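Reader: Walk me through the pockets in this one, please, and the residues around them. I'd like the cut-offs spelled out as you go, since I'll be comparing with my own scripts.

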Amino acid sequence: MEKISRTKIVDLLKRRDFGAMVNVKGWVRTRRGSKQVNFIALNDGSTINNVQIVVDLANFDEEMLKQITTGACISVNGELTESIGSGQAAEVQARGIEVLGTCDNTYPLQKKGHTMEFLREIAHLRPRTNTFGAVFRIRHNMAIAIHKFFHERGFFYFHTPIITASDCEGAGQMFQVTTKNLYDLKKDENGSIIYDDDFFGKQASLTVSGQLEGELAATALGAIYTFGPTFRAENSNTPRHLAEFWMIEPEVAFNDITDNMDLAEDFIKYCVQWALDNCYDDVKFLNDMFDKGLIERLQGVLKEEFVRLPYTEGIKILEEAVVKGHKFEFPVYWGVDLASEHERYLVEEHFKRPVILTDYPKEIKAFYMKQNEDGKTVRAMDVLFPKIGEIIGGSEREADYDKLMTRIQELGIPMKDMWWYLDTRKFGSCPHSGFGLGFERLLLFVTGMTNIRDVIPFPRTPRNAEF
Ligand code: 4AD
Ligand code: MG
């Protein structure tokens, strides 16, 4: 077959130079037609849309044509023509076809309408479906939007380590990293494992957050963000938890809690706007297929100011709901760590828009959060979203060395591995704030998918690390 340089389908469908000879390559979605002429719907992943290939059967070898089945990979040379029937403006009249890869008849994506559960079992092939093609193109676009947002505002992308030896934030839910022979563990007289001869000479784990190192950078470069994988061994088998997920953590010197809330709100709105501007075909597909309210919800978030509400006020609203007869599975009282049903009540039923809840009881938040004058609450902020619950968690940080140390001692946090963190409060400490956005939670919102396993290519959850 004559060598013509390849055009991606996304570009081809925009072309109007009818009569030109083109080459497209991709995977066959469907093939239908009569004894004289066949229509192949071809997709190459560059867009949700297929290009229609028109094949005049008389011009092609019968044996070759037999190989053009659903899932096969083909290269087509042909004439770009105006289309009347394909739903697209342009199509290709085939002049030459080469089968690059035939497709075995055990290909599991023969027909439409597989369940999400089934597609998770074939996660190596599900990117070939319309749905996952759309989700993963949106995922890429959101990553670009995030870098663009911070870069345009003078933030520096800072790489924090994935392997860490400080376990203060993730106590109890960290994955250990070791090269020790697990069949032959040496222990001391108290039965504790001896790590001196382990790879790092001490116990090490996968990070649950880049924040603490991010704070070091913010107090030097001014404004930074991290964007990397984080790992949590919490055994929560929910549609919103992964054991391996990606987190974006901006950290900014001189920002107080209000600046932090402004940044979080601008940031999410920027990402949502980006999806509508740059992924409209994919978002529209997901809207029409699964979730007729998706586009409206995305546009809604852009229009509305997020509610900003202290935790104590939030509890009052929830208690009033209980009095009026609303049934929650878990109890509501001041001091409780809100469950997702509580968060969603505030967002979906009471305010009907995103809520930033602030000033939580210190007992249910991390040691590094700035303590309020009341002695009971800290300057925390959680951004709560419709259908999702918590999408962002953050705070102003405790900048005062003595107050931070007192809290650390109250909580009995082992500080021997944390001396470097405390140095920030000794050497030119400054007010600073930051937060963490769960990347997959953002994607749940933007795609309308209902299970977090369906917005990451290869989900890691309890008892599941296939592929
Ligand atoms: O609220 P979290 O635990 O906050 C932190 O880790 C802070 N160090 C962030 C900071 O201030 N720099 O987690 C932040 C966000 C959550 O709001 C949620 O969106 C997401 O990370 N997240 C998860 N996403 C998927 N699976 C899990 N298991 C998650 N745990 C948290
Ligand atoms: Mg949180």
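Author: Here's a look at the pockets, followed by the aromatic rings and the cysteines.

Some housekeeping before that: this is a predicted model, so to speak of local features we need pLDDT of at least 70, side-chain atom pairs count only at pLDDT 80 or more, and totals for chains, interfaces and linings use all residues. Residues are numbered from 1 along each chain as its sequence is written, chains are lettered from A and ligands numbered from 1 in the order in which they are written, and side-chain values use heavy atoms, with hydrogens and water left out.

The largest pocket comes in at about 1300 Å³. A pocket here is an open set of points on a 1 Å grid over the protein atoms alone, where a 1.4 Å probe fits and protein lies on both sides within 12 Å along at least five of seven lines; lining residues have an atom within 4 Å of a point. Points are joined across faces, edges and corners, and the volume is the space filled by probe spheres set on them. The lining has 49 residues, with Gln173, Arg232, Glu234, Lys365 and Glu390 nearest the centre. Elements giving two or more residues are strand 11 (244–253), helix 10 (340–351), strand 15 (389–396), strand 16 (432–438) and helix 13 (439–447). Those are DSSP runs numbered from the N terminus: H or I over at least four residues for a helix, E over at least two for a strand. Strand 15 gives the most, six residues. By class, the lining splits into 25 nonpolar, ten polar and 14 charged residues; Ala, Val, Leu, Ile, Met, Phe, Trp, Tyr, Cys and Pro are nonpolar, Asp, Glu, Lys and Arg charged, and the others, Gly among them, polar.

The second largest pocket holds about 1000 Å³. It is lined by 42 residues, and Arg29, Asn50, Lys112, Thr129 and Asn130 are closest to its centre. Strands 1, 2 and 3 are among the elements giving two or more residues, but helix 4 gives the most, with six. This lining has 17 nonpolar, 18 polar and seven charged residues. At least three residues come from each of domain 1 (7–99) and domain 2 (125–305 + 352–452), with bounds from an automatic or database domain assignment.

Strand 16 turns up again among the aromatics. There, Phe435 in strand 16 pairs with Phe267 in helix 6 (residues 257–278), 168 residues apart in the chain. Rings of Phe, Tyr and Trp (its six-membered ring) pair if their centres lie within 6.5 Å, with planes under 30 degrees apart stacked, over 60 edge-to-face and the rest tilted. This pair has centres 6.2 Å apart and planes at 40°, so it counts as tilted. Phe267 is buried at 0% relative accessibility and Phe435 at 1%; buried is under 20%, exposed over 50%, partly exposed in between (1.4 Å probe, protein chains only). Phe267 and Phe435 also sit in one aromatic cluster whose members include Tyr270 and Trp274. The whole structure has 22 aromatic pairs.

On the cysteines, there are zero disulfides, a disulfide being two cysteine sulfur atoms within 2.5 Å. For Cys279, the nearest cysteine sulfur is that of Cys271, 11 Å away. Cys279 is buried at 3%, and Cys430 is buried at 9%.
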